[in-house]
Amino acid sequence: MMSRSERPGFDPEQLRRILAEGNRGDEEPTESAGSETAGPGEGAESGAPDGVQLEFHLKPGELIAHLDSYVVGQPRAKAILATKICTHFNRLSLPPDETEDIVGQIKNNILMVGPTGVGKTYLIRLIARRLGVPFVKADATKFSETGYVGGDVEDLVRELVTEADGDIDLAQHGIIYIDEIDKIAASGRTSGPDVSRTGVQRNLLKLMEETEVDLRSPHDLPSQMESVMQMQRTGKVERKKVNTRHILFVVSGAFAGLEEIIRRRLNRGAMGFRPPEADGAGAVPDDSAILQQIRAEDLLEYGFESEFIGRLPVVAVLEELSRADLLEILRSPMSSVVVSKVRDFLAYGIDLRICDEALQLLADRAFEERTGARGLVSAVEKVLLDFECRLPSLDLDAFHLTPEVVEHPARVLDRLVAESSIEAFTSGFERDHGIRFEFTGPALASLGERAASEDRLPGEICADLFSDYGHGLKLLELDRFEITPEILADPQKSLDRMIRQLYGGRG
């Protein structure tokens, strides 16, 4: 993985250098991570100091191509995200404009709507890595209005500074991603103190527009102790602040029940008689098509305040993954599901190979769970968990995931364990006595039945049945010996008969 400074696109090192050069004339520079940089509202306020232009070369099409390499489907959502995020950072490359200070700035904060497991978080994380900007992800449910119960939303900005290795200027050009934003919608049924809903919305309003966040949290005891010690040493407390003007905010959620709100609105607007051909022969649109018609009024009815929705001018709707999408994810060489599982087995020296027919069955099972790409992980784990537990003890160097394994994992595992125990017995016998045992098909079937009835491994049964065969077979001067059902039925009698035949057939 490339470091931030190595990634193309937004060059953090260049940003640090330009901002530092622009601050050389400042009377009271603020220290940050060992370098002198402008404080909030000074040289960095308009994205770059006067006369200096930040360079950002990535175009929306290039970012879409990058996302296509990792994420299956979602063409419309990719286009929206790539376009608006590239535009946001390209605007920072423009020289300062006095009119922007007068009329204000519309920031391309983004709302992502889609069911679980369709790649909302993954898309934003990929984009942040491609751009090389600091990135912070959090769930909306962890925050409260006051910060005493749960977290404070301003902690997100402080975490962004941490991700930027203490570089405040770099943090002021980062991305904050908040998932499960639908969980802070007002339900109208809440009683008691507000710990996660409208109060959090109001606090996020300030961050998403423009505000200055004190780098030292008022609820952080070590920070406050540091302030006290600094006051005692210098007689004043230096306040480091982070300006959120250029921080891009992306929020997302599944928004369960939003489809019904949109349907009600559409039905209200379609009262009266319409012929079936007017709306596609009466076809009922699916949830993805319904969500594409989302409006601000739907989000207001869902429980968000108008000011909060107004800070999110860009909406990207992600569609539920189809069976074909899930199969394509599994087939992709960049599939984290398959690659991760292959490495799990490789950690025990086992080469896991998966045939395409097995992938199709796994995709079918994942689709039935209706949890998107997360269903793939669940489907794979349900099939392979017991194999991952037992196979490392069987001294195998390869394992093939076939349709039979997917459909009958317990049966296949039992067979592998049985075969491994037999192989362990025969290898040990050959090592000790120089004679290789070979089992006929009927003998293996008979041995399997006996092992099942006695609840023992076939190898353990063989060790008991053929404990005297080492010395006896040496008398026969054999290097290979075939085991038949007759020999399994009475091993000692069979050995005695062979020895008598060797010495003239007496008895």
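Okay, one definition before we start: when I say helix, I mean a DSSP run of H or I at least four residues long, and helices are numbered from the N terminus. With that in hand, I can place Arg370: this residue is in the loop between helix H16, 356–369, and H17. And keep in mind that this is a predicted model.

Let's stay with Arg370 for a moment. What is its phi? Near 60°, so a positive value, in a residue other than glycine. Its side chain is worth a look too, as Arg370 lies over the face of Phe367, with 4.1 Å to the ring centre.

There's another residue with that kind of backbone, Gln74. Phi there is positive as well, about 55°, and again we're not looking at a glycine. Where is Gln74 found? In the loop between H2 and H3. Gln74 is buried, because its relative accessible area is 5%, and the cut-off for buried is under 20%.

So what do the two helices on either side of that loop do? H2 covers residues 60–68 and H3 covers 75–91; they pack with their axes 8 Å apart, at an angle of about 135°. That angle is why we call H2 oblique to H3. As for handedness, H2 and H3 make a right-handed crossing. If you want to click through the contacts, the H2 side has Pro60, Leu63, Ile64, Leu67 and Asp68, and these meet Lys78, Ala79, Ala82, Thr83 and Cys86 of H3.

Now on to the aromatics. How many aromatic pairs does the structure hold? There are 16. One of them is Phe135 with Tyr177, which is stacked, at 6.5 Å centre to centre and 20° between the planes. Phe135 sits in strand S4, residues 135–139, and Tyr177 in strand S5, residues 175–179, so this pair ties together parts of the chain 42 residues apart in sequence. Phe135 and Tyr177 are both buried.

Next up is Phe387 with Phe399, a stacked pair with 4.9 Å between centres and 25° between planes. Here we meet H17 again: Phe387 belongs to that helix, residues 373–390, while Phe399 is in strand S11, residues 398–401, and the two are 12 residues apart. Buried or exposed? Phe387 and Phe399 are each buried.

Last thing, and it's a nice one to color on screen: Phe425, Phe429, Phe437, Phe466, Tyr469 and Phe481 come together as one aromatic cluster. That's what I had, thanks.

How values were computed:
Residues are numbered from 1 along each chain as its sequence is written. This is a predicted model: local features need pLDDT of at least 70, side-chain atom pairs count only at pLDDT 80 or more; totals for chains, interfaces and linings use all residues. Side-chain values use heavy atoms; hydrogens and water are left out. Rings of Phe, Tyr and Trp (its six-membered ring) pair if their centres lie within 6.5 Å; planes under 30 degrees apart count as stacked, over 60 as edge-to-face and the rest as tilted. Buried means under 20% relative accessible area, exposed over 50%, partly exposed in between (1.4 Å probe, protein chains only). A charge sits over a ring if NZ of Lys or CZ of Arg is within 6 Å of the ring centre and within 35 degrees of the ring normal. Axes are lines fitted to C-alpha atoms, for helices over the stretch in contact, and angles run from 0 to 180 degrees between N-to-C directions. Angles under 35 degrees count as roughly parallel, over 145 as roughly antiparallel, 65 to 115 as roughly perpendicular and the rest as oblique. A crossing is left-handed if the near helix is turned anticlockwise from the far one by less than a right angle, and right-handed if clockwise. Contact means heavy atoms within 4.5 Å.
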